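Colleague: Could you take one part of this model and look at it closely? Please then walk me through other parts of the fold, step by step.

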Amino acid sequence: MPDAIIPRNEQQRLAALDELGILYTPLEERFDKITRTLCRIFNTPIAYVSLIDKDTQWLKSTQGLDFVSTDRSTSICTQTLLADEYMICEDLSKNEHFKDNIFVTSGLKMRFYAGFNLKSKEQNIGTLCIADDKPRTFSQEDITTMRDLVSWAQTEINLTQLGEVQMQLITELDQAQKHARTDDLTGLWNQGTIKEVLQRAHHRHLITQKPYSLMMVDIDNFKQVNDTYGHPFGDQVISAVADELKRSIRPTDTIGRYGGDEFLIILENCNHQRAEELSQRLLHHNKKLSILNKDKKVPTNISVGFASTDYISVDDPESLLECADQALYTAKQEGRNCARG
Ligand SMILES: Nc1nc2c(ncn2[C@@H]2O[C@H](COP(=O)(O)OP(=O)(O)OP(=O)(O)O)[C@@H](O)[C@H]2O)c(=O)[nH]1
């Protein structure tokens, strides 16, 4: 790996970074939210936010890396600074610049890299990145998604330059965006967002040809719970089931509240057999769930309907959703508290 190429406007760049005053602050949770979201959306093991000063790349938040700084001469991101917006390398081991880089030849053995510049005062001060130990492609749609997350990271960086009143406004804006995307009761993605994730998952499936599965989960006889114990207790049950489902899936799976007592789970890189196993796991975990009403334990059962692209050939995600819904209907017809697919 040659010494890092220094951008022409390095002095202005370093001045902009210095002015921010966030270089030596510790790892920050507000950036962790972004890197966690990146790993979830792109299904990558590695994501990070970095700031690059004269000799060192500092990581403000990392997923999948166990160090917080690296020498700039070994940094892949330092090359990204030379680009206006981003640098994407689908296989670093096949790239002349990076094939001998320490992160490619040893340790993590990174293959895929996508780094987008973060700016302050129009200078590239650092990067928002995802990486993988396997080569992969990156579509135009992925670039658009990454841009949204860059603008989120950018907001966080800009916050440090604003006064208190403006910071308050931005925080409120952030909360408004979160409110528009999530379900108030459970904190899960709402129906609109989970449908968007479904479109993306289907798109990725078409590109990678890897199967994905959908799972529709519905609480059994929930109307009766409401009628017997009241609506507020019904809310508690929905919330508890949502928490249990969240605990039972992988971080890379996506779950949303699809309707009243109905949840949709999207499982990428998951075939019919895995979906069946996972359905059984959900049923098993949920069986242990009973929610206290006064002193009485109220057991809660669920039914699951699942559908997978390796089992059913579909042209669009809506058709797969219909199959999962139909399977859920069958589970209800066949006595509830079971999974069908
Ligand atoms: N407490 C509460 N109840 C809700 C909420 N949203 C929808 N519901 C109720 O959830 C119930 C859903 O019932 P259904 O799924 O149709 O039927 P079920 O009684 O669960 O019966 P099966 O699904 O056939 O097992 C309805 O009575 C809705 O009024 C909510 O946010 N909170």
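Modeller: First, one term. A residue counts as buried if 20 or more other C-beta atoms lie within 10 Å of its own, and as exposed if 12 or fewer do. Bear in mind that this is a predicted model.

My close look is at helix α11, residues 317–333. Its 17 residues, at 1.5 Å a residue, should span 24 Å. The C-alpha atoms at its ends are 24 Å apart, so the two values agree.

Which residues of α11 are buried? They are Pro317, Leu320, Leu321, Cys323, Ala324, Ala327, Leu328 and Ala331. Around the helix axis they cover an arc of only 160 degrees, so they sit on the same side of α11. Turn to the other side of α11, and you find Glu318 and Gln333 exposed.

What covers the buried residues of α11? The cover includes helix α7 (191–208) and three strands: β7 (212–219), β12 (302–308) and β13 (339–340). Just after α11 comes Gly335, with a positive phi of about 110 degrees.

Now step back. The chain has 11 helices and 13 strands. Of its 341 residues, 37% are buried. Take the contacts between residues at least 6 apart in sequence: 62% of them join residues at least 24 apart.

Next, a sheet. It is open, has 6 strands and pairs them antiparallel. Read across it, and the order is β3-β2-β1-β6-β5-β4. β3 (69–71) and β4 (86–89) are at the edges with a single partner strand each, so each has one side without a neighbour in the sheet. On average, neighbouring strands here are turned by 25 degrees against each other, direction ignored.

Look at one pair in this sheet. β1 (residues 46–52) and β6 (residues 123–132) are antiparallel and share 6 bridges. Val49 has Leu128 of β6 as its bridge partner.

Two helices pack on the sheet. Helix α2 (residues 29–42) touches β1, β2 (56–63) and β6, and its direction makes about 65 degrees with that of β2. Helix α5 (residues 140–159) touches β1, β5 (112–120) and β6, at about 40 degrees to the direction of β5.

How do these two helices meet? The axes of α2 and α5 come within 10 Å and cross at roughly 175 degrees. Angles over 145 degrees count as roughly antiparallel, and α2 and α5 therefore fall in that class. On the α2 side, the contact is made by Arg30, Phe31, Ile34, Thr37, Leu38 and Ile41. On the α5 side, it is made by Thr145, Leu149, Trp152, Ala153 and Glu156.

Now the loops. Glu122 lies between β5 and β6. Its phi is positive, near 65 degrees, and it is not a glycine. Glu122 counts as exposed because it has 9 C-beta neighbours inside 10 Å.

Asn269 sits in the loop between β9 (262–268) and α10 (272–287). Asn269 is not a glycine either, yet its phi is positive, about 50 degrees. With 17 other C-beta atoms within 10 Å, Asn269 is partly exposed.

Last, a hairpin. β10 (residues 290–293) and β11 (residues 296–299) pair antiparallel over 4 bridges. Leu292 stands opposite Lys297 of β11. The hairpin has 2 residues between its strands, and Lys294 takes a positive phi near 50 degrees there.

Conventions
Residues numbered from 1 in each chain as written. Predicted model: local features only at pLDDT ≥ 70, side-chain atom pairs only at ≥ 80, totals over all residues. Pairing = 2+ DSSP bridges. Axes fitted to C-alpha atoms, helices over the stretch in contact; angles between N-to-C directions. Contact = placed C-beta atoms within 7 Å. Expected span 1.5 Å × (residues − 1). Arc of directions from axis to C-beta. Parallel < 35°, antiparallel > 145°, perpendicular 65-115°, else oblique.
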